[in-house]
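The questions below work through one protein model, taking its backbone, its domains and its empty spaces in turn. Each answer sets out its reasoning before it arrives at the name or value asked for.

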Amino acid sequence: MDIKLLRAFVTLANQGTYHAAAKTLYITQPALSKQIQTLEYLAGVTLFQRGRHGARLTVAGEQLLPGARELVDRYVQFCADVAARQKGDTGRLTLGFGISSFRLAPERVAAFRARYPGVQVSLNDMPSAVQVQQLSEGRLQVGFVRLPVPEPLHSRVLEEEQLVLAVSDRCSAPAEATARIEANQLLQLSPDRGAGLMTQAQQFLIAKGLKPRTVAAADDIQTLLALVAAGEGVALLPASVVHILPAGVRLMPLEGEHTRWQTGVAWNAQIKDPLRDNFLGIVQGM
(Lines give C-alpha, C1' and ligand atoms only; values in the text may rest on other atoms or scores of the structure.)
Protein backbone atom coordinates (compact mmCIF):
# COMPACT_ATOMS: atom_id res chain seq x y z
CA MET A 1 0.00 0.00 0.00
CA ASP A 2 1.49 3.32 -1.12
CA ILE A 3 2.36 5.72 1.69
CA LYS A 4 0.87 8.61 -0.30
CA LEU A 5 -2.56 6.98 0.02
CA LEU A 6 -2.21 6.85 3.80
CA ARG A 7 -0.95 10.44 3.85
CA ALA A 8 -4.04 11.49 1.85
CA PHE A 9 -6.27 9.65 4.34
CA VAL A 10 -4.65 11.26 7.39
CA THR A 11 -4.55 14.73 5.84
CA LEU A 12 -8.20 14.64 4.80
CA ALA A 13 -9.18 13.45 8.28
CA ASN A 14 -7.19 16.29 9.83
CA GLN A 15 -8.42 19.04 7.48
CA GLY A 16 -12.03 17.91 7.17
CA THR A 17 -12.52 19.12 3.58
CA TYR A 18 -11.17 18.00 0.22
CA HIS A 19 -10.30 21.58 -0.66
CA ALA A 20 -8.13 22.14 2.45
CA ALA A 21 -6.54 18.70 2.27
CA ALA A 22 -5.67 19.03 -1.43
CA LYS A 23 -4.12 22.42 -0.75
CA THR A 24 -2.04 20.96 2.10
CA LEU A 25 -0.85 18.10 -0.10
CA TYR A 26 -0.18 20.39 -3.11
CA ILE A 27 -2.43 18.29 -5.37
CA THR A 28 -5.79 18.87 -7.08
CA GLN A 29 -9.09 17.85 -5.48
CA PRO A 30 -9.76 15.25 -8.23
CA ALA A 31 -6.32 13.72 -7.55
CA LEU A 32 -7.08 13.58 -3.84
CA SER A 33 -10.49 12.03 -4.48
CA LYS A 34 -8.85 9.35 -6.64
CA GLN A 35 -6.31 8.54 -3.91
CA ILE A 36 -9.05 8.19 -1.28
CA GLN A 37 -11.13 6.01 -3.61
CA THR A 38 -8.08 3.81 -4.31
CA LEU A 39 -7.41 3.40 -0.58
CA GLU A 40 -11.08 2.55 0.09
CA TYR A 41 -10.94 -0.04 -2.70
CA LEU A 42 -7.80 -1.62 -1.28
CA ALA A 43 -9.16 -1.55 2.29
CA GLY A 44 -12.59 -2.83 1.25
CA VAL A 45 -14.37 -0.24 3.38
CA THR A 46 -15.71 3.30 3.05
CA LEU A 47 -13.53 5.71 4.99
CA PHE A 48 -15.34 9.03 4.48
CA GLN A 49 -18.91 10.19 4.04
CA ARG A 50 -18.85 13.25 1.80
CA GLY A 51 -21.48 15.95 2.42
CA ARG A 52 -22.14 19.67 2.45
CA HIS A 53 -20.00 20.10 5.57
CA GLY A 54 -16.96 18.33 4.12
CA ALA A 55 -15.67 14.82 4.58
CA ARG A 56 -16.65 12.98 7.75
CA LEU A 57 -15.03 9.76 8.88
CA THR A 58 -17.12 6.61 8.90
CA VAL A 59 -16.91 4.17 11.80
CA ALA A 60 -14.36 2.15 9.83
CA GLY A 61 -12.43 5.31 9.03
CA GLU A 62 -12.27 6.29 12.70
CA GLN A 63 -10.96 2.83 13.60
CA LEU A 64 -8.26 2.81 10.92
CA LEU A 65 -7.10 6.40 11.38
CA PRO A 66 -4.79 5.88 14.44
CA GLY A 67 -2.85 3.15 12.65
CA ALA A 68 -2.57 5.26 9.51
CA ARG A 69 -1.32 8.24 11.51
CA GLU A 70 1.32 6.08 13.19
CA LEU A 71 2.55 4.74 9.85
CA VAL A 72 2.71 8.23 8.31
CA ASP A 73 4.59 9.58 11.34
CA ARG A 74 7.04 6.67 11.19
CA TYR A 75 7.55 7.26 7.47
CA VAL A 76 8.28 10.95 8.06
CA GLN A 77 10.75 10.05 10.80
CA PHE A 78 12.38 7.44 8.57
CA CYS A 79 12.86 10.01 5.81
CA ALA A 80 14.41 12.40 8.34
CA ASP A 81 16.75 9.66 9.56
CA VAL A 82 17.80 8.87 6.00
CA ALA A 83 18.50 12.54 5.28
CA ALA A 84 20.60 12.82 8.43
CA ARG A 85 22.58 9.68 7.56
CA GLN A 86 23.19 11.00 4.06
CA LYS A 87 24.90 13.96 5.71
CA GLY A 88 26.91 11.58 7.91
CA ASP A 89 26.26 13.47 11.13
CA THR A 90 24.14 10.96 13.05
CA GLY A 91 23.97 7.25 13.78
CA ARG A 92 26.51 4.82 15.20
CA LEU A 93 30.13 4.41 14.15
CA THR A 94 31.75 1.04 14.86
CA LEU A 95 35.56 1.05 14.94
CA GLY A 96 38.28 -1.46 15.66
CA PHE A 97 41.79 -0.91 16.99
CA GLY A 98 44.75 -3.02 18.04
CA ILE A 99 47.89 -2.93 20.13
CA SER A 100 49.70 -0.53 17.83
CA SER A 101 46.93 2.07 18.00
CA PHE A 102 46.33 2.41 21.75
CA ARG A 103 47.08 6.14 21.46
CA LEU A 104 46.25 6.77 17.82
CA ALA A 105 42.65 5.51 17.78
CA PRO A 106 41.36 7.33 20.89
CA GLU A 107 42.92 10.60 19.69
CA ARG A 108 41.11 10.38 16.34
CA VAL A 109 37.86 9.39 18.02
CA ALA A 110 38.07 12.37 20.37
CA ALA A 111 38.57 14.74 17.42
CA PHE A 112 35.58 13.21 15.62
CA ARG A 113 33.32 13.43 18.67
CA ALA A 114 34.17 17.09 19.09
CA ARG A 115 32.82 17.79 15.61
CA TYR A 116 29.97 15.24 15.55
CA PRO A 117 28.64 15.03 19.11
CA GLY A 118 25.42 13.36 17.98
CA VAL A 119 27.19 10.23 16.72
CA GLN A 120 27.58 7.19 18.97
CA VAL A 121 31.09 5.75 18.62
CA SER A 122 31.93 2.16 19.52
CA LEU A 123 35.68 1.46 19.74
CA ASN A 124 36.54 -2.23 20.05
CA ASP A 125 39.92 -3.80 20.82
CA MET A 126 40.54 -6.65 18.37
CA PRO A 127 43.40 -8.13 16.32
CA SER A 128 44.06 -6.76 12.85
CA ALA A 129 43.08 -10.08 11.25
CA VAL A 130 39.67 -9.96 12.92
CA GLN A 131 39.22 -6.32 11.89
CA VAL A 132 40.02 -7.18 8.27
CA GLN A 133 37.42 -9.96 8.30
CA GLN A 134 34.73 -7.77 9.83
CA LEU A 135 35.50 -4.91 7.44
CA SER A 136 35.08 -7.29 4.51
CA GLU A 137 31.78 -8.54 5.93
CA GLY A 138 30.47 -5.03 6.57
CA ARG A 139 30.29 -5.50 10.37
CA LEU A 140 33.01 -2.91 11.04
CA GLN A 141 33.17 0.54 9.45
CA VAL A 142 36.80 1.51 10.08
CA GLY A 143 39.75 -0.38 11.49
CA PHE A 144 43.06 0.84 12.89
CA VAL A 145 45.20 -2.02 11.64
CA ARG A 146 48.60 -3.33 10.70
CA LEU A 147 49.22 -2.68 7.01
CA PRO A 148 48.96 -3.80 4.27
CA VAL A 149 45.39 -5.08 4.01
CA PRO A 150 43.97 -7.34 1.28
CA GLU A 151 41.68 -6.18 -1.51
CA PRO A 152 39.00 -4.97 -1.80
CA LEU A 153 39.77 -3.01 1.38
CA HIS A 154 41.31 0.45 1.10
CA SER A 155 43.80 1.85 3.56
CA ARG A 156 45.94 4.84 4.44
CA VAL A 157 49.21 4.87 6.37
CA LEU A 158 49.14 6.91 9.57
CA GLU A 159 52.27 5.88 11.45
CA GLU A 160 55.27 3.61 11.41
CA GLU A 161 55.51 1.20 14.33
CA GLN A 162 58.71 -0.17 15.83
CA LEU A 163 59.45 -3.44 17.58
CA VAL A 164 60.88 -3.09 21.10
CA LEU A 165 61.81 -5.43 23.91
CA ALA A 166 59.88 -5.04 27.17
CA VAL A 167 62.02 -5.98 30.17
CA SER A 168 61.69 -5.82 33.93
CA ASP A 169 63.63 -3.29 35.98
CA ARG A 170 64.40 -6.16 38.33
CA CYS A 171 66.76 -7.73 35.81
CA SER A 172 69.92 -5.74 35.13
CA ALA A 173 72.01 -8.17 33.07
CA PRO A 174 72.80 -8.84 30.31
CA ALA A 175 72.84 -5.32 28.98
CA GLU A 176 72.09 -5.97 25.29
CA ALA A 177 68.52 -6.60 24.17
CA THR A 178 69.39 -9.59 21.99
CA ALA A 179 71.28 -11.22 24.85
CA ARG A 180 68.31 -10.69 27.15
CA ILE A 181 66.06 -12.53 24.70
CA GLU A 182 68.21 -15.66 24.80
CA ALA A 183 68.75 -15.47 28.57
CA ASN A 184 65.05 -15.21 29.49
CA GLN A 185 61.69 -16.71 28.82
CA LEU A 186 60.00 -15.00 25.85
CA LEU A 187 56.46 -13.90 26.62
CA GLN A 188 54.07 -13.29 23.76
CA LEU A 189 50.38 -12.89 23.00
CA SER A 190 48.44 -16.01 22.07
CA PRO A 191 48.12 -16.57 18.29
CA ASP A 192 44.40 -15.72 18.19
CA ARG A 193 45.06 -12.38 19.90
CA GLY A 194 48.26 -11.21 18.25
CA ALA A 195 49.00 -13.22 15.11
CA GLY A 196 50.55 -10.27 13.28
CA LEU A 197 52.80 -9.36 16.19
CA MET A 198 53.81 -12.99 16.65
CA THR A 199 54.81 -13.26 12.99
CA GLN A 200 56.76 -10.00 13.28
CA ALA A 201 58.61 -11.29 16.35
CA GLN A 202 59.39 -14.64 14.74
CA GLN A 203 60.78 -12.95 11.64
CA PHE A 204 62.98 -10.77 13.82
CA LEU A 205 64.26 -13.75 15.83
CA ILE A 206 65.05 -15.74 12.70
CA ALA A 207 66.84 -12.79 11.07
CA LYS A 208 68.96 -12.35 14.20
CA GLY A 209 69.47 -16.07 14.74
CA LEU A 210 68.06 -15.82 18.27
CA LYS A 211 66.58 -18.68 20.29
CA PRO A 212 64.77 -17.79 23.52
CA ARG A 213 65.24 -20.09 26.50
CA THR A 214 61.50 -20.86 26.64
CA VAL A 215 58.31 -19.35 25.22
CA ALA A 216 55.02 -18.68 27.02
CA ALA A 217 51.79 -17.01 25.90
CA ALA A 218 49.24 -14.65 27.49
CA ASP A 219 45.74 -13.82 26.28
CA ASP A 220 45.94 -10.03 26.65
CA ILE A 221 48.52 -7.27 26.66
CA GLN A 222 47.91 -6.22 30.28
CA THR A 223 48.64 -9.74 31.56
CA LEU A 224 51.70 -9.93 29.37
CA LEU A 225 53.12 -6.68 30.75
CA ALA A 226 52.29 -7.74 34.30
CA LEU A 227 54.32 -10.92 33.80
CA VAL A 228 57.22 -8.88 32.44
CA ALA A 229 57.02 -6.55 35.47
CA ALA A 230 57.12 -9.57 37.76
CA GLY A 231 60.36 -10.75 36.14
CA GLU A 232 58.77 -13.79 34.48
CA GLY A 233 60.37 -13.02 31.13
CA VAL A 234 60.75 -10.49 28.32
CA ALA A 235 58.39 -9.60 25.44
CA LEU A 236 58.69 -8.33 21.89
CA LEU A 237 56.06 -5.63 21.55
CA PRO A 238 55.15 -2.49 19.53
CA ALA A 239 56.73 0.70 20.86
CA SER A 240 53.24 2.18 21.30
CA VAL A 241 52.75 0.08 24.44
CA VAL A 242 54.67 2.87 26.18
CA HIS A 243 51.26 4.54 26.66
CA ILE A 244 50.03 1.66 28.87
CA LEU A 245 53.35 0.61 30.41
CA PRO A 246 53.06 -0.46 34.07
CA ALA A 247 55.58 0.42 36.74
CA GLY A 248 58.66 -1.77 36.71
CA VAL A 249 58.77 -2.27 32.95
CA ARG A 250 60.97 -0.44 30.45
CA LEU A 251 61.37 -0.71 26.70
CA MET A 252 64.61 -1.41 24.88
CA PRO A 253 64.88 -0.38 21.19
CA LEU A 254 65.73 -2.96 18.55
CA GLU A 255 67.48 -2.54 15.23
CA GLY A 256 67.74 -4.58 12.06
CA GLU A 257 65.35 -6.40 9.75
CA HIS A 258 61.70 -6.87 10.67
CA THR A 259 61.71 -4.22 13.39
CA ARG A 260 59.40 -1.74 11.65
CA TRP A 261 55.99 -1.87 10.02
CA GLN A 262 53.22 0.50 8.98
CA THR A 263 49.91 1.03 10.73
CA GLY A 264 46.90 2.99 9.56
CA VAL A 265 43.19 2.96 8.87
CA ALA A 266 41.36 0.51 6.63
CA TRP A 267 37.81 0.51 5.29
CA ASN A 268 35.59 -1.22 2.76
CA ALA A 269 35.08 1.27 -0.05
CA GLN A 270 32.50 -1.01 -1.70
CA ILE A 271 30.08 -0.04 1.08
CA LYS A 272 28.55 3.45 0.83
CA ASP A 273 28.73 5.10 4.24
CA PRO A 274 28.75 8.92 4.60
CA LEU A 275 29.24 8.67 8.38
CA ARG A 276 32.35 6.57 7.92
CA ASP A 277 33.63 8.95 5.25
CA ASN A 278 33.26 11.89 7.62
CA PHE A 279 35.33 10.03 10.20
CA LEU A 280 38.00 9.19 7.62
CA GLY A 281 38.11 12.83 6.57
CA ILE A 282 38.97 13.87 10.12
CA VAL A 283 41.46 11.03 10.61
CA GLN A 284 43.32 11.77 7.39
CA GLY A 285 43.29 15.51 8.02
CA MET A 286 45.06 15.28 11.37
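Q: In this predicted model, in which loop is Y26 placed, and is Y26 buried or exposed?
A: Y26 has a phi near 60°, a positive value in a residue other than glycine. The place of this residue is in the loop between helix 2 (18-25) and helix 3 (29-43). Since the relative accessibility of Y26 is 76% and the exposed class begins over 50%, Y26 counts as exposed.

Q: Where is H258 found, and which accessibility class does H258 belong to?
A: H258 has a positive phi, near 60°, although it is a residue other than glycine. H258 sits in the loop between strand 10 (249-253) and strand 11 (260-267). Its relative accessible area of 32% lies between the 20% limit for buried and the 50% limit for exposed, so H258 is partly exposed.

Q: What is the omega of the peptide bond from L147 to P148?
A: P148 has its place in the loop between strand 5 (142-146) and strand 6 (154-168). The peptide bond that leads from L147 into P148 is cis, and its omega is near 5°.

Q: Which residue does a cis peptide bond join to E151, and which accessibility class does that residue fall into?
A: The cis bond, with omega about 10°, joins E151 to P152, and P152 is placed in the loop between strand 5 and strand 6. The C-alpha atom of P152 is separated by 55 Å from that of A60, which is 92 residues away along the chain. With a relative accessibility of 33%, between the limits of 20% and 50%, P152 therefore counts as partly exposed.

Q: Which three residues supply 55% of the area that domain 2 buries against domain 3?
A: The domain assignment of the chain gives domain 1 (3-87), domain 2 (91-158 + 262-285) and domain 3 (161-260). The C-alpha centres of domain 2 and domain 3 lie 27 Å apart, and 10 residues of domain 2 are in contact with 13 residues of domain 3. The area buried between these two domains is about 1000 Å², with 59% of it given by carbon and sulfur atoms. On the side of domain 2, the three residues that supply 55% of the buried area, more than any other three, are I99, F102 and R146.

Q: Between which domains does the largest pocket lie?
A: The largest pocket has a volume of about 260 Å³, and of the 20 residues that line it, the closest to its centre are I99, P127, S128, R146 and L197. Its lining receives residues from two domains, so the pocket lies between domain 2 and domain 3.

Q: Which element gives the most to the lining of the largest pocket?
A: By class, this lining has 10 nonpolar, eight polar and two charged residues. The elements that give two or more residues to it are helix 6 (128-137), strand 5, helix 8 and strand 11. With five residues, the element that gives the most is helix 8.

Q: How many residues of the lining of the largest cavity come from helix 8?
A: A search of the whole structure finds one cavity of 30 Å³ or more, and the volume of the largest cavity is about 50 Å³. Its lining divides into seven nonpolar, two polar and no charged residues. Strand 7 (185-189), helix 8 (191-208) and strand 9 (234-238) each supply at least two of the lining residues. The largest share comes from helix 8, and that share is four residues.

Q: Is L236, one of the residues that line the largest cavity, buried or exposed?
A: L236 is found in strand 9, and beyond its neighbours within four places in sequence, L236 is in contact with residues including L163, I181, L197, F204 and L254. L236 and M252, which are 16 residues apart in sequence, lie 9.6 Å apart in space, C-alpha to C-alpha. Because the relative accessible area of L236 is 4%, and the cut-off is under 20%, L236 is buried.

Key: Residues numbered from 1 in each chain as written. Predicted model: local features only at pLDDT ≥ 70, side-chain atom pairs only at ≥ 80, totals over all residues. Heavy atoms only, no water. 1 Å grid on protein atoms, 1.4 Å probe; cavity = no way out; pocket = protein on both sides within 12 Å on 5 of 7 lines; lining within 4 Å. Points joined across faces, edges and corners; volume = space filled by probe spheres on them. Nonpolar A, V, L, I, M, F, W, Y, C, P; charged D, E, K, R; others polar. Buried < 20%, exposed > 50% of the residue type's maximum accessible area, 1.4 Å probe, protein only. Contact = heavy atoms within 4.5 Å. Domains from an automatic or database assignment. Buried area = accessible area lost by both parts, 1.4 Å probe.
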